[in-house]
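Trainee: Could you walk me through reading a model like this one? I'd like to start with what the element names stand for.

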Amino acid sequence: MRHTPLASAVLPKAQVYEILFLFSFFLLLLLSLSSRTGYATTAFAPTLASDDDKISFLFYLRKEIPNLFSEATTYNVNLLQLLEQQNNLLDKLTKDDLYKKLAAERGDAQQLSSIYLKKVATIHQEISKVDPVLFKERKDDLKQFLQNHPPLSAQNLDSYFDTMIATASAKISGDPEGNWWGNLLKRHPRYQKDPQAFSQVMRFPLEERIRILDEELLAGRSFQEVFPGFSLANQGFKKSDESQLIHTLKQSVDALKILEQLFALKIIFKEFADADADELLPALDYVNESHLSAFNDRELLKELTNSYGVFKKFNLSSRLQKKYSELIPKKTETVESVSGKQLILKEVPPAVALFRGFVGNDCSSGKSGMYANSPMERVFFLEDAKGRVKGYVAGTILTIEGTPSFYLHTIAGMHISPEDTQSVFEGLNELLHSKAATHPLLPAKQLALPDPSHLILLINSPAILEVFRTYAKDLPLKATSYIDSPLRDHYLDRLSTQSYDLTAFNKIAGVVPRPLHSSLYSIEIKPTSLPPFQANDRGDQLDRFLLALDFLRTNNSGTAKQMLGEFAPFTLEMAAKVNRILQNKERSAMGVYLDRVGKLLSPLGLQLQDALKRRPELFEEGQLRATDAMSDVYAKESTHLFLKLFKNKKFADLSSILKGTSEQFTSILSNESFKHQLMKFCHHLEWRSDPLELIAQLKDLETLFDLEIFQSKGIPLEEAKECLNKDISKVRSTLNDEGFTHYFLATTFAQKRPDAEALISEMLLQKEASKDLIRSVLTQDYWQKHPEYDHWIEQLLLSLKNNYELSSELVNSILSNPRWKGHPKWGEWVWSLIKNHQASHSIGSTIFANPKWQDDPQLIPWIEQLLEIGGEYEHAFLVRHVLSQAKWKDHPEWPQKIIQAKKVNYREIISHVLSKEHWKDHPEFVEQMIKQKNTLLDGEITCNPWDIESFILSTKHWADYFKRLLKTETTPTLDQIRAFYFRG
């Protein structure tokens, strides 16, 4: 076929116009793409010119991440404004040379990647060899026992054990090894004055503690004289035991030893229950190592002793396991390896990463969302093997002493467990030390974690925070160098309302060492993709209305109001009314509820049946709140919804629905299906591996059971409650083993146990107090009314040295509460923290900046002393929390001292002090700032012209002042003002 040049071709006029149009279209398309090239491609950084485009993009996100707008709290971020801010930022970034360079190095943003992590679980086989010396000693002990307690002739083993166990059990009074020892000894003056001695005594064996107690009572004083106000009866002892406590305890110890021996014999001879008891002694000679295997099987021990309450009460199975399993030095060899559960770190582009706060249930979208636009930032949505989003993982590519590093600063999400967090740390560390440096996704050679003192500000979830602390602790801290620092300083920092992402906040990081093993995880990096965004896909009117309802449910009223504006001139009050109707807060009958929802939809041309079919979950709470939800007409559907919420462990939602009801749900609570689900859940609790998830569900279920309706007569829930109570000891044991005792103490289950008080005291004395113990336990009314409460706070203060996180939590949760006003020791406690340079930021933000405290006469002398002795942190919090408050405007000598001291970055003074109107009568401070050259003073003290322009010249009272000073009609420039000052 001949190809005729276009200029000489004879074409119909319409076809010529068509070709010219297509040529023009492609030219315009190329021009539009050239404005956002490489990393900022239109598919992943779409230009959303109108509100309709932005709403289309929100639909796109909901389709790709179905639960994005229906589960997480949004901190009332206006999403349309967020997307507008994103548009404006990209217009500036794509013109910046450094951004274009880094974006080009980053590669094509359409080529996203995912990291597939699968932990390799190794199955081990135990090979045991008995220590012959120890084994002979144990057998000799048992022989001696049988010689001292010979069985009756012809008595079988079961009868012998039953008789002996009953006799020994009867000699035990109270719980000789219980936690009451801590409460008892604390009342003695010697141990009150010497916490170290108390802690040492509590670690002594039971016999030694009894000997010490015997010495205390030898002087002839009564028990109550030595330990006033302590009731043995409350610990299960008999009233008569008080006068002969030592005899009772010694007798109980002897009985426990007898039970230990009986238990050991019962386990060793478990297969010969029908044999005669008088055969025991000669049979011991034939016992070998195979008879010891049961002592290494905790569940088998439990099964063998279930019929004896005494074993469970005094935890004898654990004592015996420890005593006999120590005979066997364990040796392990790998039999085979199998793959564990999979996690997927799915990389998301900036336009999607903006919404990470929704999956992480934190404030990042509204406070620091724009940092996702840096080519050095990486944001991953963390998914399980089924593709369900659990939260997000975020970090920055930077350098540490010249080595490219991945600075992992955030992991967030309500569904991320400690095990998941550990897998992310270990998997990424293993990846970075293998092939990550050759892959554009993570061009780094090592993993770095934040300064441990900053973790409390970076990580919301207590479960994730605990794991971060474990890995960050004791890492060598080294200086960080941000590759994208100019972009952050000039663009991103200005759009952040928090300091957490500022380079100044993250000056150092802990470098995680190379993993000891290189094959704990199966790791793959695979390409991933997102379908292209279609701006014309906005759904229909019903879709848009239902999406707005999603935002109402998650308290994102700003976005909801803007979206509802399409249908009517909605106000926030009207939006709140829609939400009340939706959730049926008035508890209308089903017909009335559906009618109200229908009337809400019909004027908009929307059909109720379509809405119920398309998004049924939006209306479930409203339907269940209906007064006739359990009537004959609706009972089947309501039962299904109720069980669905229960099965999905939505206990908090159920508590909200059931609160204030009486007989409405009686039928469902006696429903066999419900009972089956409840018992199934209880059974599941016993085997749950994650203690944090376990205790969270226990607390929610406990709240549910405490509702009035569950207390009503005739509701057969005793079996279920017994199931929960049965597991409480196991729960506590699990939490203790995992180091999460405070989660148990935060439940009302703990408040019903006599050993809870001793647990708190023990944690404080042994310096095991955690932020969560303070926040979750010591803030509760129940514990605040405890007579030991003030003593606990003092114990905390003694153990807080150099512990920023605990000090801050103590201030934030306890000492800043106005309930302490007038307390004789409050001032002493707060000042002790201040002068030891602890919790400065927290004291500033919760006390100095709180109007409820500002009239306290102690504050002014504290401020004066801090100005004299304070360092960088103290001066910084005075700037942010004192001088920024109009309350302190009568003390101009304070900002003068701060400026002269040169301990605080001048930007802090400009933005937090001089920009405030209450300092408008002090232009001398501004003059001092302006006269500073744009150079470093004392290392970090710098006066940036941009700060003067942004925070001072843009402020009306200063703009007017400088107009008058320079006698101009317009606001003078910084250079003109500086010239005026220097000329003067």
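Mentor: Sure. Helices and strands here are DSSP runs, with at least four residues for a helix and at least two for a strand, and they are numbered from the N terminus. Keep in mind that this is a predicted model. With that naming, Lys-916 lies in the loop between α49 and α50.

Trainee: How many helices and strands does the chain have?

Mentor: There are 53 helices and 11 strands.

Trainee: Back to that loop, then. Is Lys-916 buried, partly exposed or exposed?

Mentor: Buried is under 20% relative accessible area and exposed is over 50%, with partly exposed in between. Lys-916 has 30%, so it is partly exposed.

Trainee: Which residues does Lys-916 touch?

Mentor: Leaving out residues up to four places away in sequence, Lys-916 touches Ser-884, Ser-911 and His-957. Also have a look at Leu-883: it sits 33 residues from Lys-916 in sequence, yet the C-alpha atoms are 9.1 Å apart in space.

Trainee: What about the two helices on either side of the loop? How do I read their crossing?

Mentor: Start with the angle between the axes, where over 145 degrees counts as roughly antiparallel. The axes of α49 (residues 906-914) and α50 (residues 923-931) come within 11 Å and cross at roughly 150 degrees. α49 and α50 are therefore roughly antiparallel to each other. Their crossing is left-handed.

Trainee: Which residues meet there?

Mentor: From α49 you have Tyr-906, Ile-910 and Leu-914, and they meet Phe-925, Val-926 and Met-929 in α50.

Trainee: At what angle do α50 and α53 pack?

Mentor: About 100 degrees, with the axes of α50 and α53 (residues 974-983) 10 Å apart. The range from 65 to 115 degrees counts as roughly perpendicular, and α50 and α53 are therefore roughly perpendicular to each other. On the α50 side, Pro-923, Glu-927, Ile-930 and Lys-931 take part, and they meet Leu-974, Ile-977, Arg-978, Tyr-981 and Phe-982 in α53.

Trainee: Now for burial. What is the general idea?

Mentor: In soluble globular proteins, nonpolar side chains tend to be buried together. In this chain of 984 residues, 50% count as buried. The largest nonpolar core has 105 residues, and those touching the most other members are Leu-58, Phe-69, Ile-115, Phe-355, Phe-406, Leu-408 and Leu-442. Helix α24 (residues 541-553) supplies the largest share of this core, eight residues. Apart from it lies another core, of 71 residues, with Ile-814, Leu-878, Ile-952 and Leu-974 among them.

Trainee: Which residues does Leu-58 touch?

Mentor: Setting aside residues up to four places away in sequence, Leu-58 touches Phe-69, Leu-79, Leu-80, Leu-83, Phe-355, Leu-547, Phe-551 and Thr-559.

Trainee: Which residues of α22 are buried?

Mentor: The helix, residues 462-472, is mostly covered, with eight of its 11 residues buried. They are Ala-463, Ile-464, Leu-465, Glu-466, Val-467, Phe-468, Arg-469 and Ala-472. After α22 comes Asp-474, which has a positive phi near 65 degrees.

Trainee: One last residue: is Gln-784 buried or exposed?

Mentor: Gln-784, in helix α41 (residues 781-784), has a relative accessible area of 15%, so it is buried. Outside the residues up to four places away in sequence, Gln-784 touches Leu-778, Thr-779, Tyr-789 and Arg-819.

Notes. Residues numbered from 1 in each chain as written. Predicted model: local features only at pLDDT ≥ 70, side-chain atom pairs only at ≥ 80, totals over all residues. Heavy atoms only, no water. Buried < 20%, exposed > 50% of the residue type's maximum accessible area, 1.4 Å probe, protein only. Core = buried A, V, L, I, M, F, W, Y, C linked by side-chain atoms within 4.5 Å. Contact = heavy atoms within 4.5 Å. Axes fitted to C-alpha atoms, helices over the stretch in contact; angles between N-to-C directions. Parallel < 35°, antiparallel > 145°, perpendicular 65-115°, else oblique. Left-handed = near helix turned anticlockwise from the far one by under 90°.
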